[in-house]
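Work through the exercises below with the sequence and the structure at hand. Each task is followed by a solution in steps.

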Amino acid sequence: MERLDIEEVSNKILHELLQYRRRFPESEHTLQDEEKKVSDVQLPRIRAFVEQGKPIECILPAFPTKSPNPRKVLGKMPDMAEKLSLIFLNSLCQRIQLYYPPGAHIVICSDGHVFSDLIHVDDDSITYYQLEIEKLLHELGATHLSVFNLGNVESLTQYTHDYDQLRELLVSRYARSIEEIKEELKKTEEGVQLYRAITRFLYEDSLLPEYTGSKNALQKDARQRSAGVIQRSWAWGNLLAEQFPLAIRLSIHPQPTDSIKMGIHMMPTRDDWLTPWHGVAANINGQFVLMKSDEVKKMNGKLIEIRGVPSHYLIEAPLAGNLQTASRTATAKAEYIAS
């Protein structure tokens, strides 16, 4: 491939990703300035694949397990929110293949077992969720996607298959201390926002209908666990960098513009932090949007089941056009799901 063609194709691939980038709320910088900085980091990495004519390899730590809080989700298993997101990720790779024949591949680095004890979801439930994700990939024919999880790390599983011990090995080999992480988070506004977002997730997940204690106690517990979740997340990221050193690193959270990771939306959302496993898919006047279950119920959403299993909500809202969605994503192929 000629040098000009390499540059053109590399820029087109980057543009595909930038369309769905998660931004930090209330960013001080213009979209153009942010994308220039992201390009400075990501374009050389993309170009390296194109120069060799190899498929663009991406990794995405995501799809850990469902939130344990029924106020946020429909149940414990993947539903329309996951289905739409997987369809989007696969179609993203397919679009790249239209002008770059080697195409792209996304490895979903399912990280539920990394956090199991901290998010209060047992390992058996996480394993079942991950198996259902793999089954869904097969049903969708999503050949551009694959799954990698803590149990696939040969350098750790040669010692044990016990997830508690695997987590200990992960932390001892790849993590920084909690104290170091807290100091690092305090240095930037992005770090503070990340800490607050993870704390909010943990707090909401613990605010179960049957809980009768104080909210202050839950908030304190969430703050304590948040640092541990970030520690494990960064340790998992360090391990993935070792396992997939050249891969384009995607994230389900907003990332600083100079980060090696780039946040990505998988479907339109009500905010820049919500994920398919912390929400439900709501079909609002023909467009799917990711929301929390309680929000949908307040809008009188109708529960839709597929083969007797809760799938998503249907909302007929005359003022739905006023809903603020955080991403610039197109609708997530609602017509595909309807078939």
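Buried means a relative accessible area under 20%, exposed means over 50%, and partly exposed lies in between. The model is predicted.

**Exercise 1.** Classify Asp123, Arg167 and Asp164 as buried, partly exposed or exposed, and describe the salt bridges that Arg167 forms with Asp123 and with Asp164.

Solution.
1. Asp123 has a relative accessibility of 17%, so it counts as buried.
2. Arg167 has a relative accessible area of 4% and is therefore buried.
3. Asp164 comes to 46%, so it is partly exposed.
4. In the salt bridge between Asp123 and Arg167, the closest N and O atoms are 3.0 Å apart. This pair links distant parts of the chain, since Asp123 belongs to helix H5 (residues 123-140) and Arg167 to helix H7 (residues 163-174), 44 residues apart.
5. The side chains of Asp164 and Arg167 also meet in a salt bridge, at 2.7 Å from N to O. Asp164 and Arg167 are 3 residues apart in helix H7, so about one helical turn separates them.

**Exercise 2.** Locate the salt bridge between Asp205 and Lys72 and state which network includes the two residues.

Solution.
1. The Asp205 and Lys72 side chains meet at 2.8 Å, N to O.
2. Asp205 lies in helix H9 (residues 189-206), while Lys72 lies in the loop between strand E1 (56-61) and H3, so the salt bridge ties together parts 133 residues apart in sequence.
3. Both Asp205 and Lys72 are buried.
4. A network of salt bridges links Lys72, Arg200, Glu204, Asp205 and Lys292.
5. The count of salt bridges comes to 19.

**Exercise 3.** Give the strand order of the open sheet of 4 strands and place helix H3 relative to its strands.

Solution.
1. The order is E7-E6-E9-E8, with mixed pairing.
2. Strand E7 (287-291) and strand E8 (302-306) are the edge strands, each pairing on one side only.
3. Neighbouring strands are turned by 40 degrees against each other on average, direction ignored.
4. E8 pairs with strand E9 (residues 309-315) in the antiparallel sense over 5 bridges. Glu305 stands opposite Pro310 in E9.
5. Helix H3 (residues 80-99) lies across strand E6 (280-284), E7, E8 and E9, and runs at about 80 degrees to E6.

**Exercise 4.** Is Ser85 buried or exposed, and which residues does Ser85 touch?

Solution.
1. Ser85 is placed in helix H3.
2. Its relative accessible area is 0%, so Ser85 is buried.
3. Leaving aside residues up to four places away in sequence, Ser85 touches Phe63, Met266, Met267 and Pro276.

Notes
Residues numbered from 1 in each chain as written. Predicted model: local features only at pLDDT ≥ 70, side-chain atom pairs only at ≥ 80, totals over all residues. Heavy atoms only, no water. Pairing = 2+ DSSP bridges. Helix = DSSP H or I, 4+ residues; strand = E, 2+ residues; numbered from the N terminus. Axes fitted to C-alpha atoms, helices over the stretch in contact; angles between N-to-C directions. Contact = heavy atoms within 4.5 Å. Buried < 20%, exposed > 50% of the residue type's maximum accessible area, 1.4 Å probe, protein only. Salt bridge = Lys/Arg side-chain N within 4 Å of Asp/Glu carboxyl O.
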